[in-house]
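Me: Please examine the structure shown below. I shall ask on what grounds particular terms are applied to it.

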Amino acid sequence: HSEYLFLNPRDLTETAPRILLSAILEWELVDDAYLEGASRKRRYQLEGRKAKNKGYVSRELDHPRNHAQDISDIIASSQLRQGRAIAPMFQDRPADHAFENYDRCEDPNYRDICSGVFDPQGQLVAYLLGKRVGDHVQYDEIMGHAEHLENDVMYMLHYQYIQQCINEESVPTCLNYGPWYSGQQPYSPTSGLNFWKRR
């Protein structure tokens, strides 16, 4: 996209205009060697073991429309996300939304990739919907139920998603999590969404 620009670091200030610089993850950054080099505590978190130990399971989502009500419940579980009100495009979406943009494509280079985390009762409590074009996968939606976030379901979800991408018939080379500078304090490395992306 032409709006994804490079901005020299010396131009980054709190008053600088907000920019869309891509937050990209390349697979070699999350291989076994990376995990082995991480501390036990960090590895425990990255792999979502807390969620696993509590009985959560993660897996591929067949189609978002089959989980529309659960996705609606996840969105409605909190009035705020990353310190901001939920965007109208999510909040105003009907509970029986059909997710027409996720119809199956036979070409593996254009097949969308979607994952979810389910609680011990089988309820979807976190989801990640990704759109794919060739080597590039773009996060389209990622959200977790407010009552389950403390159990590291988002780490479990992200780890599952990466494993799913790596195991695709045609393996993509990078994952794009939208703009690098985002949220209420776009240039703060420790605030909300920026902190999550860096981790």
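**Salt bridges and burial**

Reply: A search of the whole structure, which is a predicted model, finds four salt bridges.

Me: Why is the pair Arg93 and Glu141 called a salt bridge?

Reply: The term requires a side-chain nitrogen of Lys or Arg within 4 Å of a carboxyl oxygen of Asp or Glu. The side chains of Arg93 and Glu141 meet at 2.7 Å, N to O, so the pair satisfies that criterion. Arg93 lies in the loop between helix 5 and strand 5, and Glu141 in strand 7, so the bridge ties together parts that are 48 residues apart in sequence.

Me: What makes Arg93 buried or exposed?

Reply: Buried means under 20% relative accessible area. Arg93 has 14% relative accessibility and therefore counts as buried. Its partner Glu141, at 7%, is therefore also classed as buried.

Me: Which class applies to each residue of the pair Lys131 and Asp112, and why?

Reply: Lys131 forms a salt bridge with Asp112, the closest N and O atoms being 2.8 Å apart. This pair links distant parts of the chain, with Lys131 in strand 6 and Asp112 in the loop between helix 5 and strand 5, 19 residues apart. Buried means under 20%, exposed over 50%, and partly exposed in between. Lys131 has 24% relative accessibility, so the residue counts as partly exposed. Asp112 has 17%, so this residue counts as buried.

Me: How do you know that Arg49 and Glu47 form a salt bridge, and what class does Arg49 receive?

Reply: The N to O distance between the side chains of Arg49 and Glu47 is 2.6 Å; the limit is 4 Å, so the pair qualifies. Arg49 has 32% relative accessibility and therefore counts as partly exposed.

Me: Why is Cys174 assigned its burial class?

Reply: Cys174, which lies in strand 8, has a relative accessible area of 16% and is therefore buried, the cut-off being under 20%. Cys174 and Val137 are 37 residues apart in sequence and 6.4 Å apart in space, C-alpha to C-alpha.

Me: What makes up the largest nonpolar core?

Reply: This core has 24 residues, and those with the most contacts inside it are Val117, Val153 and Tyr161. Helix 6 supplies the largest share, eight residues. Tyr161 touches residues including Ile113, Leu128, Val137 and Leu175.

Me: Which residues of helix 4 are buried, and against what do they pack?

Reply: Ala68, Asp70, Ile71, Ser72, Ile74 and Ile75 are buried in helix 4. The buried residues of this helix pack against strand 3, helix 5, strand 6 and strand 7.

Conventions. Residues numbered from 1 in each chain as written. Predicted model: local features only at pLDDT ≥ 70, side-chain atom pairs only at ≥ 80, totals over all residues. Heavy atoms only, no water. Buried < 20%, exposed > 50% of the residue type's maximum accessible area, 1.4 Å probe, protein only. Helix = DSSP H or I, 4+ residues; strand = E, 2+ residues; numbered from the N terminus. Contact = heavy atoms within 4.5 Å. Core = buried A, V, L, I, M, F, W, Y, C linked by side-chain atoms within 4.5 Å. Lists of a residue's contacts leave out its neighbours within four places in sequence.
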